[in-house]
Amino acid sequence: MSPMSLPDLFGGFVHLHVHSQYSFLDGASRCSELVARCAELGMGAMAITDHDNVSCAVEFARAAAEHGIKPIQGVELTMEGGAHLTLLAENPEGYANICNILTDAYMNSSDRRRPEARVHTLERHSKGLIALSGCRRGAIPAAILARQHDRAMQAAEALVKIFGKRNFYIELQHPMTPGAAALNSALIHLASSLGVGVVATNNVHYTHKSGFELHDVLTCIRTLTTLDDIHPERHINAENYLKSAAQMRELFALVPEAVVNTLAIAERCSPGLNLGRKLFPKYEPPAGESPASLLRRLTMQGAEARYGRITQAVRDRLEHELNVIITLGFEGYFLAVHDIAAWARGRGIRCAGRGSAADSAVVYCLGLTNVDPIARGLLFERFLSLERAQRPDIDIDFQSDRRDEVADYVYERYGQGHVASVCTFNTFLARSAVRDVGKALGIPEPEIDRLAKRLPHIPADGVRAAFSRYPELRDSGIQPHRFELLLDLVHQMAGLPRHIGTHLGGLVISGEPLTCVTPLQMSAKGVPITQFDKDSIEELGLIKLDLLSLRTLCAVERAQELIKAPEFSYDRIPHDDAATYSMLQSGETIGVFQLESPAQRALQPRLKADSFEDIVASVALIRPGPIKGNMVEPFVARRRGKEEVSYVDPRLEPILKKTYGVVLYQEQVIQIATAIAGFSPGESDRLRKVMTHCRSMVEMEAIGRDFVAKAMANGTDKETAETIFSYIVGYAGYGFCEAHAAAFADTAYRTAYLCRHFPAEFFAALLSAQPMGFYPPRTLIVEARRRGVRVLPLDVNASKHRYTVENGAIRVGLMQVKGISASDIQSIEDAQASGPFTSAADFAARTDVPVDVFENLALAGAFDSIEPNRRAVVWAVRRLASSSAAARKLSSEAEAAGQMRLSGLEDGASLKAHVAEASRSIRDFTPIQSFAAETEILGFCVHKHAMEFYRSSLARWGALTASEIAQAKPGQLVRAAGLVVRPHRPPTKSGRTVVFLSLEDETGLTDVTVFESEYQKYGAAIFGSAALLVEGTVCDRGGAVSITAKRIRPFRGRRGHASPRQPSASTDREACR
Amino acid sequence: MSRKVERPIRVEESTQGPQGHPVSFYWSGRWNRVDAVIDSWRECGEWWDGAEEHDYFLVSSGSGCYELSRTCHGQWELSRIID
């Protein structure tokens, strides 16, 4: 069939050059919108050709299948020298070649963000590809525009040589820009000379004409310009949208074959992605074994270690799980994960599994998790089932400072090209969208900054509602027309990806080279990443493994090192320590993993946890879902015996007994569906997953009808079945994975034990592992003190890299000093090894730290034990540092030349004398000046808390300290003052805004609740102030004391500053320069 | 060399061939026949300040070149004269 006689295939025209949202900051429409519009226009096929990536491929294939159109995978490639070339995959081989070309382009370019494809790579990987000459930035059109027609012809001939005449087309576009018609004439003439076809495209960057405005703003963001600037990459009109076949025919009325050829190309192409493949990791077992037999052997060995005697119940469970794993072909994956964890443990790297993998007894026996799912009655089907046949996804936390060693092992062991990190797409949220769009609109930076900082962390399309709801966002100060435009554009950007990044811990290990399904490119961290994120990676046939970093494990390891009790082992902490539970019941859980937030601290005294099960429930309860679903109060009431527990059906009792009749865990949803409606566990888990992603009431009602019908067939009456379904409807979306909660609860309990029994070591370890947790170092120091632990100041002789424990007291570590580097610390520690420093001059002579770090050490009081006057040391720092550096340089030069050291330079004694003289003549810092300097350098002051400076005036005002408020009577009207800690607005069951914050003073924390009406009055103060004065009534909920705020105002201390900052410390530094 | 004019004018548009192209325009007291449309393009202008879309036509007429523009409401203007 000749092209000119093609029937009206695919609706008469096919768009072969289209950019989705994955052309970052250049594609203004989502793939789903483009595909839907394509189907609406009656077009039966479309290509997606994003800039240097195929990240849209899986999403595109899915959307195309839903709309019944043929997806053609493609790319707009950047060649060496910057020219563009459009490539379309004719078949899976062509798609794989695109992946190889892109990988080569990224890996061999000098800038990892700017790939450059090389001609010889095209030559090696040209099979299955159709090339189009590209937009105006293509080599051929660019040469014509530069009036270099010979060069244009040479470029065209080169491409014909690579792809062949049948697989190369000259691309014609008519974007209605100056010179477009003339360019097309020249291109048509060139095509005719070469004997190649022409094809019409529209270089689509947005779905509808109205998308141009967003595209223009994205271009400004990309080119760092404003709308008022001119830039060659900005389009001058709104013509690059998905035009109809009729529109394209009209545009190319003089070249109808350019339109017909789009149909011919589309007809030739078959889908490039083969989504049914299995690219699971291959694990080579020892001779004589298969991967399956090896997995079985390791599991049974592990079971003996875990259980001692393997009962029939354990054996049956393990056999069932192994059969599912092997039937689905995942044995290589499990063996690989076991190998990685074993390697890590062999090198003393602490790790702990989490997530739904803790539902698996095989995983437990392989030593990957510490939760016994058989003892807990956890369902394997929540993790893996034959019915869902989903990929297993095992997450393992490693101590954060050594996680990268594990990743390096994986790359080395399983082969470069077979291992890569999974990418992630950093999308526009409210703050980032407001910043970027604000700049593009030319709004002054201070105004944008003020606005963005006050926005909560919400999606971009929540901004308009946030502005009307949150008082601290009112009065933006931006001109109304621009403000409206800002809101409108920010709303449109919701969810658009801004750039590609690296998933925190996700790795794929493939049995085949990864480039058969995904290009690889280098991340900022220097590791190869896929171009597909975790949502698409499974559909490509890959399995992901999460190697995560958990700073808590770092803290645990550090605490273990600091605890000098030889009989202590973190791994052998008993699970029934009464003192630990007593501490949890008091709500004193700052520092405890998962249990330290204000909401957890308020829950614990009410819950009165006295078993591990209670901790598991705590972890699952304080989540947005259970809070909004009103699960917390009934659970607590039933747990405390204040509300009767009843079951609408006796079959629910064994399932819900451990949670007092409340549906809390996802596994319970599965068990209920199995017991009541007769589903198999795998079917039940599929039901749970569907309900979790349910988008409409209509859909949910359909599921409900099916459930009730099956329940009735299984012997349940209709009313009971409907009631039970209403329970699981509410909780299916919110319920937490019990296995994950149990895995976290294990670490939570153990850290609580450390906190209770070894507070000095525990808090020193937490401080060494910062940044982590809910609270800043300053608050942890207050808490440690509150527990009776002394905190010793920074000291050049006593302080080491990290925080240490000296006779039960915490010593501040050198790491806390602002601007200090690892090599600076090493220099100090090396010098410490040869004897204590006797003076600042001695320190200068024996170490090699930069002058600003030296200054910071002085300001933070590191020399207080050897120099009487801190300010004098600060004054002398520059002179000490430069003299010592000069002396060292001349000394080493003299030594190298075999000469005597030159005399005449200041020696240590004279420098020391200089400091002593300064100490006599310069008045030392006042307490407030010392405080201010230390706080600036360390983030806190060891000797004094900010609020102590104002205690007497606060007392006159009637303010109580945190420790006094903890003893106050419920209902009492009180006043409090403190530094603001973590104000936040979590979702509430009423939907109204409630703000929770803590006020920190020298005695501890006071929790404050601010309801909607007070929030509307004082929101700006809450989120804009470093310290607050609060009046309110004391509320005591089961021992958890807080203040319900009635009046709030910023606390500015003396001289209008929120904390006692004085300018003198910085004046001193300026004077010394 | 070109000079800005930016004055409303009357234009006769084509009814055959490319729709909407200028065929003649009234300037300097007479109708000027368009010999050829050398180029045409479309611009959105400063849309963020409410500007409308314009179509532009670079035409030759007699011995001169003229840049004509038309808004989306069909109002014509002589933008520039190119000497």
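What percentage of the 1073 residues in chain A is buried? The figure is 58%. The model on screen is a predicted one, and the stops below go through chain A, then chain B.

**Stop 1: select chain A**

Colour chain A by secondary structure. There are 45 helices and 22 strands to find. Aligned to its principal axes, the C-alpha trace of chain A covers about 95 × 90 × 70 Å. The radius of gyration of chain A is 34 Å, which agrees with the value near 31 Å that a compact globule of 1073 residues would have.

Next, switch on contacts within chain A. Of those between residues at least 6 apart in sequence, 72% connect residues at least 24 apart. With a surface drawn, chain A exposes about 43200 Å², and 51% of this comes from carbon and sulfur atoms. Colouring by charge shows 122 positive and 123 negative side chains in chain A. The centres of these two sets are 4 Å apart.

**Stop 2: select residues 419-427 of chain A**

This selection is strand β9 of chain A. Add residues 497-509 of chain A, which form strand β10. In which sense do β9 and β10 of chain A pair? They are antiparallel, with eight bridges between them. For one bridge to look at, pick A:Thr427; its partner in β10(A) is A:Pro497.

Now add residues 528-533 of chain A, strand β12. β12(A) runs parallel to β9(A), and two bridges link them. To see where β9(A) meets β12(A), pick A:Cys423, which is opposite A:Asp533. With side chains shown, keep a general point in mind: along a regular strand they alternate between the two faces of the sheet.

**Stop 3: select A:Thr804**

A:Thr804 belongs to strand β15 of chain A, residues 804-806. Is A:Thr804 buried or exposed? Its relative accessibility is 15%, so A:Thr804 counts as buried, the cut-off being under 20%.

Show the surroundings of A:Thr804. Leaving out residues up to four places away in sequence, it touches A:Arg558, A:Leu562 and A:Ala764. The other residues it touches on that basis are A:Ala809, A:Ile810 and A:Arg811.

**Stop 4: select A:Ser891**

A:Ser891 lies in helix α39 of chain A, which takes in residues 870-897. A:Ser891 has a relative accessibility of 26% and therefore counts as partly exposed. Add A:Pro115 and draw a C-alpha to C-alpha distance from A:Ser891. It comes to 49 Å, for a sequence separation of 776 residues.

**Stop 5: select chain B**

Hide chain A and colour chain B by secondary structure. How many helices and strands does chain B have? It has zero helices and eight strands. Read from the N terminus, the order of elements in chain B is β-β-β-β-β-β-β-β. Chain B is as compact as a globular protein of 83 residues, because its radius of gyration of 12 Å is close to the 12 Å from the globule rule. A box of roughly 40 × 30 × 20 Å along the principal axes holds the C-alpha atoms of chain B.

Colour chain B by burial: 42% of its 83 residues are buried. Among contacts in chain B with a separation of 6 or more, 34% are between residues 24 or more positions apart. The surface of chain B exposes about 4900 Å², with 45% supplied by carbon and sulfur atoms. Finally, select the charged side chains of chain B: 9 are positive and 14 negative, and the centres of the two sets are 8 Å apart.

Key
Residues numbered from 1 in each chain as written. Chains lettered and ligands numbered in written order. Predicted model: local features only at pLDDT ≥ 70, side-chain atom pairs only at ≥ 80, totals over all residues. Heavy atoms only, no water. Helix = DSSP H or I, 4+ residues; strand = E, 2+ residues; numbered from the N terminus. Rg over C-alpha atoms; globule rule 2.2 N^0.38 Å. Buried < 20%, exposed > 50% of the residue type's maximum accessible area, 1.4 Å probe, protein only. Contact = heavy atoms within 4.5 Å. Areas by Shrake-Rupley, 256 points an atom, 1.4 Å probe, with all protein chains shown as cover. Lys, Arg positive; Asp, Glu negative; His and termini not counted. Charge placed at Lys NZ, Arg CZ, Asp CG, Glu CD. Pairing = 2+ DSSP bridges.
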